[in-house]
Amino acid sequence: MLAGYDTLITTVALGAILAYSFYVVLMAGQLSLGQAGFASLAAYTSTLVVPTEPLFGSLSPVLIGIPVGALVGGAAAFVLGLPVLRLRGVFLAIATIAFGEMVRVFMTNAEWTRGALGMRLDKWVTIDLAWIVVAVLAYLFWRLGPSRTGRAFAAVREDELAAGSMGVDVVRTRMASFVGSGMIAGVYGVMFAYFFGRITPGSFDFGLMMDGLVTAVLGGYLVFFGPVLGAGFLSAVPEGLDATGLEAGWVYPFFTGLLLLAVILFLPGGLSSLFLRRRRRPKPVELTDAERAGLFAGYSEPGTEIARVRGLGKSYGAVQAVRSVDLELKSGEILGVIGPNGAGKTTLINMLSGLEPPTSGEGEVLDVKLGQTGRSHRFARAGVSRTFQHSKLFNRLSAFENVLVGTHVKVKGTFLKRLLWLPSARREEHLALAVAWEQIRRVGLEDRAHLRPGSLSYGDQRRLEIARALASYPELLILDEPAAGMNHVEAGELAELIGSLAADGITVLLIEHNVKMVLDTCTRVVVMNFGEVIASGEPREVATDPKVVEAYLGAEDTGESQYV
Amino acid sequence: MRFNKTSGALLAAAALMTTAACVSEESSGSESDDALVGEGTGADCVIEETVKLGAVLSLTEGAAFAGEYQREGLELAIEELNAQDGVTYELIVEDDHTNVEDSVSAFEKVIDRDQVSAIIGPTLSNQAFTTYPDSQSAGVPTVGISTTAEGIPEIGDYIFRASLPEEVALAESIPAAAEALDLEEVAILHDSADEFTASAYNTMMDVLTDEDIEVTVDESFETTDTNFSAQLTAIQEGEVDAVILSALPAATIPLITQARELGIEAPIVGGNAFNSPVLVGSLEDAAEGLIVGGAWSAAAETTGNADFIAAYTEKYERAPDQFAAQAYTAGYLIDQAVRADCDANREAIKDNLGQILEFDSILGPISLDENGEVTQNAFVQIIRDGEFTLLEG
């Protein structure tokens, strides 16, 4: 039935391979467009090593070229990634396009590539070989999706700051996706060269890059078979149009453009998202006793010092957001930080959770020194977990998947184990699912676990963020205005929750404007104003401190604090 | 249980991998069809079955400027041939969108699905390098009509071309221009990013060396460039006798316009890309003095040329160019090969194409050898008063 369509079907496979090299970067939210350059480098390099005779009499010589291509593409991506991965969005796109052009110009002018004349090669790539490579890639991405690494990719795509705070090493994850893209592009380059039997520098141009990007976006980068779907679709359209007998040259580009537009407008997740329409409710999974015991092990004795900062300050140019703050935190405490807007509370906890480096002073949190930027995942791994003043949830993941990302530091990497179907992968995945269920139940969202954060109420979003933070079983939990937007019933429940966390042995640092809640819940309160600590101590004492009353709490006519 | 299933699947996958990665040397199937064998020879040949011919041309995108002329020239030839008695042809035209992938798919379609007896095309040498190995291994005689790059006929014994190679055209036009215009020092300007123009550049340099003409300025540019002031200024400062240009049509027009605007008045010698009335029309006055070496000339008094120009102009309401003329000729060459043994099977066409000797065509006497290379005289023309005129050396 398919006789006489070999080329077409192989072209679909090649298109899918190229699209996978875009898929892997889009999956991690990186707009990297240097694939044509990686493919070109790999294709030309492979011509130096691929033998001209079949291996062992009958094996395709490209079997040597494919790993070489992957190696060259991956290595080129790594070297390019070192400087350009500081860039994001459109700047990364431009830098990587420039790289592709550089390779093209280089290959055009090099002697051994025969310049624009190109090289003739043997056609060693068969239809089966092309589809086996696609099958291997689809398998890799199928197994990657629900693994710890796959969740890290998704988290980095949705929100780098939040991903870092959940213990995901953002720099490494971006580099991994970049190198993966280089490797797949390298494989594509080799397959392309040995399928068409010819390479010229012009084969790997801007147009090739656009084709790959369009295929990946059309197919969708949220489901593992998206690239195959995209490539199949883009090849089927012109064939279908041929069958209708329309011959005008403009028809094909016109229809492709129209379909692309329709997909982007109505199916932003690509064609493959059609298969995701019904979100299944995740099945509850229970923690076993052994797992539970492992999670709680290693908390510090109540009363030991877990964080200490001295003379901590942060200035943005001439603005001194925090000045010379001394603070220590003891295990088991619930420390409230209150103060008027702009007092420097959020800046203080951003420094304590590793999001921003201090400009003066020093300190340690759970034995991690404050300092370098881009290292927030180290704090998360040491046991710091936090929520944000403005919720930073992963919007295209379900509520449950959001919480699953939170388990990042508590489970071991499962991608390689999943590839091999090792039983330990199932154990780790069970642990992650069980931990996520435990936390989503704890905040009372179990019946909304399948929804996306955008469809939850404001209060539910804040609770979801707490559940995500708790999924890492932190020793120190930092909550930035968790009760903002909650009514007093919800706030009461939240206070109860915080109390129970402390009873479990978690140390809590709470920023809150709901002073009653802070005074009721916290064991100690710090008051900040203009970047400085103006009072610190037992809640009731602090509430009557005249400086605090004047700066923040305000007084009734009697001059007595209304909170006492 | 689960372990068994998994290992079984792995084993199956491994087995599939090893078999699929095998390559087999397929022998080209050359089963012949008796229905395609007729009676009589030459003009008396009668074949019952319709003979299918495939044409893969660039009808849209980059090379459409040539592909459309080729389609029209070829369709005109087939129409005329079908009006004769004995053999009926069906022409299946495929568009390759000026793109290698689509060209390969189109070849597959005409070879495997349409089962054509012979193929004409593709428009660009770039596509031909990728598609000709396929028609060679399938055993389908293939005639190139504008694939002038080096190394095309060497792809195999089923590959022919009715298109005068750039090197031959240049080899004749440069000496002719040198003699007529007394050239001593020239500037050479070429597109280094296109394989066709890069290959032409190599030929030009060889011819210039042979002719003892000194190249004092050697400049290059890239296909998509639009501003050539740097290169042209260098040429102007060189004060050369002539400028030799190897460029695609898209760059040729702005290049020549800019050269004339800059005040370069030296004659400009070019290859195939110049040989088009469209080019001359777009350049208007700037076209004066261009020297073109080509396979065909509207001014040539070859057999049937005047009739061809008249029929073409009447049918398509525009004048033909070299692309049309070569495609038209290819139709007649294939008919010649079919009628030789009155056999339209692939093998017979291949054998007879290689024996065409001094066939009297609108391109003048034309021969194909069994290696697939064409032999004909080039027409060296100069544009005077907006008309192509043969340059008499």
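In which hand, left or right, does α2(A) cross α8(A)? The crossing of α2(A) past α8(A) is right-handed, as seen in this model, which is a predicted one.

**The helix pair in chain A**

Two packed helices are described by the angle between their axes and by the distance between those axes. In chain A, helix α2 (residues 35-49) and helix α8 (residues 170-196) pack at an angle of about 55°, and their axes lie 7 Å apart. An angle that is neither under 35 degrees, nor over 145, nor from 65 to 115 counts as oblique, and α2(A) and α8(A) are therefore oblique to each other. On the α2(A) side, the residues that meet α8(A) are A:Gln35, A:Phe38, A:Ala39, A:Ser40, A:Ala42, A:Ala43 and A:Ser46. Their partners in α8(A) include A:Ser181, A:Gly182, A:Ala185, A:Tyr188 and A:Phe192. Sorted by character, the residues of this contact comprise nine nonpolar and seven polar, with no charged residue among them.

**The two domains of chain A**

The domain assignment divides chain A into domain 1 (6-204) and domain 2 (299-394 + 459-553). The centres of these two domains, taken over C-alpha atoms, are separated by 45 Å, and 14 residues of domain 1 are in contact with 13 residues of domain 2. On the side of domain 1 that touches domain 2, the elements giving two or more residues are α6 (148-158), α7 (160-165) and α8 of chain A, and α7(A) gives the most, with four residues.

**Chain B and its contact with chain A**

Chain B has a secondary structure of 12 helices and 15 strands. Its radius of gyration is 24 Å, close to the 21 Å that the globule rule gives for 393 residues, so chain B is as compact as a globular protein of that length. Taken along the principal axes, the C-alpha atoms of chain B fill a box of roughly 80 × 65 × 40 Å.

The contact of the two chains draws 30 residues from chain A and 26 residues from chain B. On the chain A side, α1 (6-27) and α5 (127-144) are the elements that give two or more residues, and α1(A) gives the most, with four residues.

The table sets out the make-up of two contact sides that belong to chain A.

| Side | Nonpolar | Polar | Charged |
|---|---|---|---|
| Domain 1 of chain A, touching domain 2 of chain A | eight residues | three residues | three residues |
| Chain A, touching chain B | 12 residues | 13 residues | five residues |

Terms used. Residues numbered from 1 in each chain as written. Chains lettered and ligands numbered in written order. Predicted model: local features only at pLDDT ≥ 70, side-chain atom pairs only at ≥ 80, totals over all residues. Axes fitted to C-alpha atoms, helices over the stretch in contact; angles between N-to-C directions. Left-handed = near helix turned anticlockwise from the far one by under 90°. Contact = placed C-beta atoms within 7 Å. Nonpolar A, V, L, I, M, F, W, Y, C, P; charged D, E, K, R; others polar. Domains from an automatic or database assignment. Rg over C-alpha atoms; globule rule 2.2 N^0.38 Å.
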